[in-house]
Amino acid sequence: MMKIIFALGVVLLCCAAVRADYLSERSAALALVQAGRNPEALTAFTNMAASAASALQKSDALEQAAGCANRLKQYDRALELAKAIPIPAVSKKCRMTLLCGNGKYGELIVEFKTEDIDRWPQSARGEAFFSRGTAFVQLQDVPAAAADLKKAAEYSHDQHTPGQAWRMLGDACRAILKDDRKALEAYGEGIKMVRNGGGYSYTMDVVLSAAAILRKQGKYDEALGILGKIDWRKMSGYWGVAFYCAYGETLAGQGKKAEAIAKFNEALGLKDATAANKAACEKRIKELQAN
């Protein structure tokens, strides 16, 4: 899905020859998006583009309009709006995001494989590198994906893209290359983004994945240290079960069978644990008891 850019260089917008009411109109249109009123937001942004006072304003309005059209499943119209963006880098970035979000990975690479994104304005690079890196992963070209995803993490300043990039790269190294060392390196960068024991799904994923690799290598103390990056004791549901089970598996690897069983029993009692979660935990407990 097309990312909504709520703050596309507001400072730059203010520095341009700004039509006095552009920023207030933009805020109102984004409020429509947040409320799920994409048809009205699409009309608002296209009207703003028609009356924009600068190429920057028009580019911003058309990019937002393309996002609205995409969410309305009007993919062809979204691409047309993206192509009409007057700033070349913003137009290309928008088209790449649309292609990636709609699973057109081969088309994205055909059109943009040799694009020199490093020469674009810095504000446009992060999202473009992430889109192309994602496409390379889907096409199983991990070396090319690694180059782009590392730059996506470098150039993206939002709170989500860097972590998502490192998780994706780690997963690709692990699943496609079967290279645990490179996977751990990528996951390690993602783990650096854990803050105050909490994180988003991608940071929790990298912690669990890194711990699984360390268990496989027999490095149980290191695995426990990695798991301790997340404050898992307050979790319930999917993530709570995942972390309690990861602790249980790590303790089992250390030969601490009673402690491992206790962790799986705690997972069983978590709020919102699913029937499948419970069945898996019960099976693991029986296996540990049998051994």
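**Exercise 1. Determine which side chain meets Arg26 in a salt bridge, and where the two partners lie.**

Solution. Begin with the criterion, by which a salt bridge is a side-chain nitrogen of Lys or Arg within 4 Å of a carboxyl oxygen of Asp or Glu. The partner is Asp60, with a distance of 2.6 Å from N to O. Next, locate the pair: Arg26 belongs to helix α2 (residues 22-34) and Asp60 to helix α4 (residues 55-71), so that distant parts of the chain, 34 residues apart, are linked; helices here are DSSP runs (H or I, at least four residues), numbered from the N terminus. Finally, consider burial, where buried means under 20% relative accessible area, exposed over 50% and partly exposed in between (1.4 Å probe, protein chains only). Arg26 is buried at 4%, and Asp60 is buried at 0%.

The model is a predicted one, in which local features need pLDDT of at least 70 and side-chain atom pairs count only at pLDDT 80 or more, while totals for chains, interfaces and linings use all residues. Residues are numbered from 1 along each chain as its sequence is written, and side-chain values use heavy atoms, with hydrogens and water left out.

**Exercise 2. Establish whether Lys151 and Asp118, which form a salt bridge, are buried or partly exposed.**

Solution. The side chains of Lys151 and Asp118 meet at 2.5 Å, N to O. Lys151 lies in helix α9 and Asp118 in the loop between α7 (105-112) and α8, so the pair ties together parts that are 33 residues apart in sequence. Lys151 has a relative accessibility of 28% and counts as partly exposed; Asp118, at 29%, is likewise partly exposed.

For a further pair, take Arg132 and Asp148, whose closest N and O atoms are 2.6 Å apart in a salt bridge. This pair links helix α8, which holds Arg132, to helix α9, which holds Asp148, across 16 residues, and both residues are buried.

**Exercise 3. Classify the aromatic pair of Phe129 and Tyr155.**

Solution. Rings of Phe, Tyr and Trp (its six-membered ring) pair if their centres lie within 6.5 Å, and planes under 30 degrees apart count as stacked, over 60 as edge-to-face and the rest as tilted. The count by this rule is five aromatic pairs. For Phe129 and Tyr155 the centres are 5.9 Å apart and the planes at 15 degrees, which makes the pair stacked. Phe129 lies in helix α8 (residues 122-138) and Tyr155 in helix α9 (residues 142-155), so the pair ties together parts 26 residues apart in sequence. Phe129 is buried at 1% relative accessibility, and Tyr155 is buried at 14%.

Methods: Helices (H or I, at least four residues) and strands (E, at least two) are DSSP runs, numbered from the N terminus.
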